[in-house]
Amino acid sequence: MDAILRGETGHPLTGFRGKICGVRADRLMAILLLLQQREQLTAAEVARELEISERTARRDLDALSTAGVPIYSLQGRGGGWRLVGGARTDLSGLTEGEARALFLAAGPASAAAPALKAALRKLVRALPEPFRVQAEAAAASLIRDPQRWGSSRVVHPPPRFLDDLQDAVIRGVQVRLGYADSTGAVTERTVHPLGIVAKGPSWYLVGDTEAGRRTFRVDRVTSVRPTGDPVHRPEDFDLAASWREIAGEVDRRRTPLEARAVCVSHGTALLRMAFGDRLEVGGATGDGRIEVVIRGYDEYTLAGELAGLGEWIEVTGPPGVRDHLAAIGRALVQRYG
């Protein structure tokens, strides 16, 4: 029995003939631990404990059974799910470092979804006692505040279809996607979901379509219907690399104007703090200054951003940015001179 539960690598839920994916493994392990503690559970009880939908709970229980985990369901009134013969999992194969990482993933600093964090908290209760002191210290050592200084404290709930799209990515199935564009017009298309990215409070689906690779804002998705057909995933696809390319293209579109300038040698760090990826640093000039290119939305806006940096940079072009800077300078002198 232990061999079934442990899988080929010696850790729980890593075998199962490859049918359980890593993203769901922690939640499925939490279900096993709950079954150990209570002997019998309904899908509704699992949903309440792990803060997931009842539909997701049923799907997870079915996935465990299909994958070979010794659990079975009792039908009818008073029914539920049980482990065959009281089978138990064994977490003693975790190393001390893995235990700390597990507590970090379940702690307040984690960026994990609430459902996953709830599942992880159930999982860490079964850790060997010697690991608990350092592991619990790790969980309390960090907090995560996603808000920038001075930004709004509005909490953005996850988009309605986020779980459905993540499930499609994990299972590798195509979906018929209803999507509203910026004008509100809704269209439907078949999408091969490849990955999901969170950028600030916004979520994006990266997928292939008949028209090529596309990015969809998840909060604009109006419907998700899995087709059952497998996703055609390019062998060389890398989500992180693909997102860097997408984000770079978006940034270029949002800031199409380029201003050229020369900066004092010790001022490049300040410019990096001010402009981030919008700054390109070039070579040194004959007088020891550094050539830079700064991207902006338009000439007036970029001039406003550069106006307070006159001590460090000299803008050489385009002429329109220089003209706006001169006008800003005259207005400041007139008001404060």
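# Notebook: aromatic pairs, α9, the open sheet and the cores

I began with Phe-216, which is buried in this predicted model, its relative accessible area being 2%. Tyr-179 I then looked up as well, and it too falls in the buried class, at a relative accessible area of 10%.

**Entry 1, aromatic pairs.** I searched for aromatic pairs and found that the structure holds 2 of them. One is made by Tyr-179 and Phe-216, and I noted its geometry as edge-to-face, with 5.1 Å centre to centre and 80° between the planes. When I placed the two rings on the chain, Tyr-179 turned out to belong to strand β4 (residues 173–180) and Phe-216 to strand β7 (residues 212–217), so that, with their positions 37 residues apart, the pair links distant parts of the chain.

I then turned to Tyr-204 and Trp-243, whose rings form a tilted pair, 5.4 Å centre to centre and with 40° between the planes. I wrote down why the label is tilted: the angle is neither under 30 degrees, which would count as stacked, nor over 60, which would count as edge-to-face. This pair also links distant parts of the chain, since Tyr-204 sits in strand β6 (residues 202–209) while Trp-243 sits in helix α9 (residues 239–254), 39 residues apart.

Is Tyr-204 buried or exposed? I found a relative accessibility of 19% for Tyr-204, which counts as buried because the class takes in values under 20%. For Trp-243 the relative accessible area is 16%, and this residue is buried as well.

**Entry 2, β6 and β7.** As Tyr-204 lies in β6 and Phe-216 in β7, I looked at how these strands are joined. They run antiparallel and are connected by 6 bridges, and they form a hairpin that leaves 2 residues between the strands. Within this hairpin I picked out Thr-209, whose bridge partner in β7 is Gly-212.

**Entry 3, helix α9.** I checked the span of α9, the helix that carries Trp-243: with 16 residues, α9 reaches 22 Å from its first C-alpha to its last, close to the 22 Å expected at 1.5 Å a residue. At the start of the helix I noted a side-chain oxygen of Asp-238 that comes to within 3.2 Å of the backbone nitrogen of Ala-240. The buried residues of α9 are Ser-242, Trp-243, Ile-246, Ala-247 and Gly-248. What covers them? I found that the cover includes β5 (186–199) together with β6 and β7.

**Entry 4, the open sheet and Gln-40.** I next followed an open sheet of 3 strands, in which the order is β1-β3-β2 and the pairing is antiparallel. Its edge strands, each pairing on one side only, are β1 (40–41) and β2 (71–74). Between β1 and β3 I found 2 bridges, with the strands antiparallel.

Gln-40 lies in strand β1, and its bridge partner in β3 is Arg-82. I also looked at the side chains of these two residues, and they make a polar contact at 2.6 Å. The relative accessible area of Gln-40 is 18%, and Gln-40 is therefore buried. Leaving out residues up to four places away in sequence, I listed what Gln-40 touches, namely Glu-45, Leu-74, Gly-78, Gly-79, Gly-80, Trp-81 and Arg-82.

**Entry 5, nonpolar cores.** I then asked which residues have the most contacts inside the largest nonpolar core. The core has 20 residues, and the residues in question are Ile-31, Leu-35, Val-46, Leu-50, Ala-57, Leu-61 and Ile-71. At least two residues of this core come from each of α2 (22–38), α3 (43–50), α4 (54–66) and β3 (80–83), and α2 gives the most, with 8 residues. Apart from this core I found another, of 17 residues, among them Ala-261, Ile-290, Leu-302 and Ala-303.

To see one member of the largest core in detail I took Val-46, which touches Ile-31, Leu-41, Ile-52, Ala-57 and Leu-61, residues up to four places away in sequence not being counted.

**Entry 6, the protein overall.** I closed with the totals: the protein has 12 helices and 12 strands, and 38% of its 337 residues count as buried. Among contacts between residues at least 6 apart in sequence, I noted that 59% join residues at least 24 apart.

Definitions and conventions: Residues are numbered from 1 along each chain as its sequence is written. This is a predicted model: local features need pLDDT of at least 70, side-chain atom pairs count only at pLDDT 80 or more; totals for chains, interfaces and linings use all residues. Side-chain values use heavy atoms; hydrogens and water are left out. A nonpolar core is a set of buried Ala, Val, Leu, Ile, Met, Phe, Trp, Tyr and Cys residues joined through side-chain atoms within 4.5 Å. Buried means under 20% relative accessible area, exposed over 50%, partly exposed in between (1.4 Å probe, protein chains only). Contact means heavy atoms within 4.5 Å. Two strands pair if DSSP finds at least two bridges between them. Rings of Phe, Tyr and Trp (its six-membered ring) pair if their centres lie within 6.5 Å; planes under 30 degrees apart count as stacked, over 60 as edge-to-face and the rest as tilted. The expected span of a helix is 1.5 Å times one less than its number of residues. A polar contact is a pair of N or O atoms within 3.5 Å; within protein, one must be able to donate a hydrogen and the other to accept it, and residues adjacent in sequence count only if both atoms are side-chain atoms.
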